[in-house]
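Grab a pencil and open the viewer. Try each exercise on your own before you read its solution.

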Amino acid sequence: MSFEELGLSSEVLRAVTEQGYDNPTPIQSKAIPIVLDGKDVMASAQTGTGKTAGFTLPLLQRLSQQEPPASAKRGAVRALIMTPTRELAAQIHESVKMYGKHLNLKSAVVFGGVSINPQISQLRRGVDILIATPGRLLDHAGQGTVDLSSLEILVLDEADRMLDMGFIHDVKRVLKLVPGKEERQSLLFSATFSAEIKQLASTILNSPQLVEVAPQNATADRIDQQVYKVDKVRKRELLSKLISDEDWKQVLVFTRTKHGANRLAEQLGKDGHTSAAIHGNKSQGARTKALAGFKAGNVKVLVATDIAARGLDIDQLPNVVNFELPNVAEDYVHRIGRTARAGMSGKAVSLVCIDEDKLLAGIERLIRKSLPRVDVEGFEVDPSIPAEPIRQGGGHRDAGRSRGGAGRANGGGSRQGPGAGRGAGQSRAGGGRPSSAQAAGAKRQGANGRRRRTTGA
Ligand code: AMP
């Protein structure tokens with residue numbers, strides 16, 4: 001099937017051709033005609049499948065072809081795309097600009113961790129398509145700087161991660177600000193469909209069409225996956241050697257904690273590999289700079305925590321390293337999915353110490369294959385080292401400190417708790433009085449006994 005056959009307009013097709021896309025990906029072939037038809041969609045698709053264009057292309061076309069409702073005020077938002085993280089929001093905005101370059105539609109992105117004032121000015125000038133993280137969006141709503149009352153299309157991207165990060169209440173608050181589900185078109189994208197997601201979908205979507213593409217594990221087929229069994233204390237040394245010996249030019253490395261990410265980036269820097277860390281405790285400016293440096297090839301190694309890396313879209317990323325295995329097996333699939341995107345091949349290396357044997361077994365069960373082990377001379381495992389419990393930092397998967405933690409990883413469904421995502425994925429701008437939504441968020445956090453962590457700002 002070609003893009004032309006999907007019913008896209010010449011302006012949209014032109015932008016697609018300029019991107020160099022030859023054919024639609026499976027999610028695009030399935031979703032685009034349904035969205036163009038005005039129907040609601042519930043789609044299971046991960047980052048890397050081309051889902052962004054899957055909803056953005058038809059959304060742009062519909063907005064360009066239909067008039068806003070007669071009751072709509074000037075400058076009111078016509079389409080809202082909500083995402084869990086700042087990085088994903090920024091990337092989607094880039095896609096919207098790219099795919100919509102031949103159309104006369106205005107777009108903007110709002111997220112926390114940066115000054116709210118330029119966002120307010122931009123919203124005042126009128127925005128057709130708004131990409132937003134929920135917290136900052138509610139801040140704008142609280143200040144009356146955004147009008148969602150005549151919204152035509154609502155997109156909830158990475159809905160599963162949104163829930164994992166504790167944004168459910170924020171999402172529900174946003175739903176109160178937009179027209180009812182019969183009066184708008186709604187699209188929900190999620191990598192997984194838990195009972196909670198289905199419940200959310202039933203409140204958001206109106207008789208949705210289901211769109212499913214090959215299960216996420218199938219995407220791993222093009223990825224050359226390897227496991228290096230190595231003692232924990234020698235992981236950094238081995239990684240440094242692999243980067244040098246295999247002449248890796250661009251590698252995304254995952255650590256379990258923010259502190260670990262910082263330390264590793266620093267050590268690799270000392271080993272002569274230009275490195276930067278990206279995680280929720282970094283200011284938005286530092287994160288943007290690190291990502292830009294990595295994309296431009298000035299930074300060879302980007303060390304990231306799961307939350308920070310979620311949604312990163314780096315074209316043709318050749319290498320992904322699990323410096324530490326994730327506690328949740330599904331995250332392994334998300335992590336290695338950063339490579340081998342859109343038909344490319346890639347390599348995913350996991351450095352596994354004895355403490356992580358159970359996590360590795362869980363991952364192999366999930367992906368239904370046993371991963372090849374690679375031995376490196378001089379890095380043989382010392383059999384006298386006993387396995388130790390994997391420490392977590394203060395209940396946060398993405399936590400800054402690993403001391404005084406919660407003990408053994410549960411390897412199962414231990415996701416971040418409510419509210420934790422704001423520390424990792426976004427934050428509210430500092431200063432000023434908290435909006436009611438903020439106050440509610442703080443209360444929620446209090447009820448969970450967690451200290452509020454804000455970043456950036
Ligand atoms: P996404 O899943 O939306 O994050 O997209 C993953 C990557 O695939 C992005 O780098 C897109 O630019 C790229 N992409 C999207 N659609 C296509 C297509 N039809 N052909 C080739 N690459 C694509």
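Below are four exercises on this predicted model, each with a worked solution.

**Exercise 1. Describe how helix 2 and helix 3 pack: what is the crossing angle, and which residues make the contact?**

Start with the geometry. Two packed helices are described by the angle between their axes and the distance between the axes. Here helix 2 covers residues 26-36 and helix 3 covers residues 51-65; their axes come within 8 Å and cross at roughly 25°. Angles under 35 degrees count as roughly parallel, so that is the label for helix 2 and helix 3. As for handedness, the crossing of helix 2 past helix 3 is right-handed.

Now list the contact. Helix 2 contributes Ile27, Gln28, Ala31, Ile32, Val35 and Leu36, while helix 3 brings Lys51, Ala53, Gly54, Phe55, Leu57, Pro58, Leu59, Gln61 and Arg62. Sort these by character and you get 10 nonpolar, 3 polar and 2 charged residues.

**Exercise 2. Work out the strand order of the open sheet of 6 strands, and find which strands stand at the edges.**

Read across the sheet: the order is 8-13-12-9-11-10, and the pairing is parallel. Strand 8 (223-229) and strand 10 (275-278) each have a single partner strand, so one side of each is left without a neighbour in the sheet. On average, neighbouring strands are turned by 20° against each other, direction ignored.

Next, check the register in the middle. Strand 9 (residues 251-254) and strand 12 (residues 319-322) run parallel, joined by 4 bridges, and Phe254 sits opposite Asn322 of strand 12. Strand 9 is also joined to strand 11 by 4 parallel bridges, with Val253 partnered by Val303 in strand 11. Strand 11 pairs with strand 10 too, again parallel and over 4 bridges; there Ser275 has Val301 of strand 11 as its bridge partner.

**Exercise 3. Decide whether the faces of strand 11 are covered or open, and say which strands helix 10 touches.**

In a regular strand the side chains alternate between the two faces of the sheet. So split strand 11 by face: Val301 and Val303 point to one side, Leu302 and Ala304 to the other. All four are buried, and both faces of strand 11 are covered.

Then look at helix 10 (residues 235-245), which packs on the sheet and touches strand 8, strand 9, strand 11 (301-304), strand 12 and strand 13 (346-352). The direction of helix 10 makes about 155° with that of strand 13.

**Exercise 4. Place four loop residues, Tyr21, Leu205, Glu158 and Asp247, and label each as buried, partly exposed or exposed.**

- Tyr21 is in the loop between helix 1 (10-19) and helix 2. It has 15 C-beta neighbours inside 10 Å, so it counts as partly exposed.
- Leu205 follows helix 9 (195-204), in the loop that leads to strand 7 (209-212). With 20 other C-beta atoms within 10 Å, Leu205 is buried. Asp40 is 165 residues away in sequence, yet the C-alpha atoms of Leu205 and Asp40 are 6.1 Å apart. Beyond four places in sequence, the contacts of Leu205 are Asp40, Met42, Lys181, Ser186 and Leu188.
- Glu158 lies between strand 5 (153-156) and helix 7 (159-164). It has 24 other C-beta atoms within 10 Å and is buried.
- Asp247 belongs to the loop between helix 10 and strand 9. Its 7 C-beta neighbours inside 10 Å make it exposed.

One last step: check phi. Most residues other than glycine have a negative phi. Glu158, though not a glycine, has a positive phi of about 50°, and Asp247, also not a glycine, has one of about 55°.

Terms used
Residues are numbered from 1 along each chain as its sequence is written. This is a predicted model: local features need pLDDT of at least 70, side-chain atom pairs count only at pLDDT 80 or more; totals for chains, interfaces and linings use all residues. Axes are lines fitted to C-alpha atoms, for helices over the stretch in contact, and angles run from 0 to 180 degrees between N-to-C directions. Helices (H or I, at least four residues) and strands (E, at least two) are DSSP runs, numbered from the N terminus. Angles under 35 degrees count as roughly parallel, over 145 as roughly antiparallel, 65 to 115 as roughly perpendicular and the rest as oblique. A crossing is left-handed if the near helix is turned anticlockwise from the far one by less than a right angle, and right-handed if clockwise. Two residues are in contact if their C-beta atoms, placed from the backbone, lie within 7 Å. Ala, Val, Leu, Ile, Met, Phe, Trp, Tyr, Cys and Pro count as nonpolar, Asp, Glu, Lys and Arg as charged, and the others, Gly among them, as polar. Two strands pair if DSSP finds at least two bridges between them. A residue is buried if 20 or more other C-beta atoms lie within 10 Å of its own, exposed if 12 or fewer, and partly exposed in between; C-beta atoms are placed from the backbone.
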